[in-house]
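Student: I would like to take a close look at a single part of this model, and then to see how that part sits beside the interior.

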Amino acid sequence: MALKNAMKLVAISLVSWLLGLLLILSVLGITDVNGATVASLIMAALLFSLAYAPSLFWLRQRMGGCKPALLFPLASAVVLNLPVFLIEILAIGRTLAPSEALACIVAFLLMGTVFGLGFIWNYQDAAL
């Protein structure tokens, strides 16, 4: 059972990561950004999508379940991504254009929301 839940979390992480990556690449285009930027975005997105799970498990334990359900996507989309948002905003004019920074912020919002919804879908009825 634990392996099955772990595999579901990995699948949710990968789906959220792929959606965020697709958003970034579709908005920016592969030719508009250099290779280092794309590589760093891919790694940051993958790391963050894998980091959502421990935080949401902690929140679930603290709240005694998955209620209120809106709290979980909000936490993973906004609260956990605050460092990314700050870095993206500070990088404007240095290494990122405003449109690139905004695309990355929206991609991380999407990733966090998808992961939070997947977490709720998977754990709303599970025992603590």
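Which residues make the nonpolar surface patch of about 320 Å²?

Tutor: In this predicted model, the nonpolar surface patch of about 320 Å² is made by Val15, Leu19, Leu22 and Leu110. Its largest share, three residues, comes from helix 1, which spans residues 2–28. Leu19 lies in helix 1 and has a relative accessible area of 36%, so Leu19 counts as partly exposed, the class between 20% and 50%.

The interior can be set beside this patch. The largest nonpolar core has 21 residues, and those with the most contacts inside it are Leu56, Phe72, Phe108, Phe115 and Phe119. At least two residues of this core are supplied by each of helix 1, helix 2 (35–63), helix 3 (71–79), helix 4 (82–91) and helix 5 (98–123), while the largest share, seven residues, comes from helix 5. In soluble globular proteins, nonpolar side chains tend to be buried together. Around Leu56, once its neighbours within four places in sequence are left aside, the contacts are with Phe72, Ala75, Ser76, Phe115, Gly116 and Phe119.

Helix 4 gives a further view of burial, since its buried residues are Val84, Phe85, Glu88 and Ala91. Seen down the axis of helix 4, these buried residues fall within an arc of 135°, and therefore they line one face of the helix. Helix 4 is followed by Gly93, whose phi is positive, near 85°.

Note on methods: Residues numbered from 1 in each chain as written. Predicted model: local features only at pLDDT ≥ 70, side-chain atom pairs only at ≥ 80, totals over all residues. Heavy atoms only, no water. Patch = residues over 30% accessible without salt bridge, like charges linked within 9 Å, V, L, I, M, F, W, Y side chains within 5 Å. Areas by Shrake-Rupley, 256 points an atom, 1.4 Å probe, with all protein chains shown as cover. Salt bridge = Lys/Arg side-chain N within 4 Å of Asp/Glu carboxyl O. Helix = DSSP H or I, 4+ residues; strand = E, 2+ residues; numbered from the N terminus. Buried < 20%, exposed > 50% of the residue type's maximum accessible area, 1.4 Å probe, protein only. Core = buried A, V, L, I, M, F, W, Y, C linked by side-chain atoms within 4.5 Å. Contact = heavy atoms within 4.5 Å. Arc of directions from axis to C-beta.
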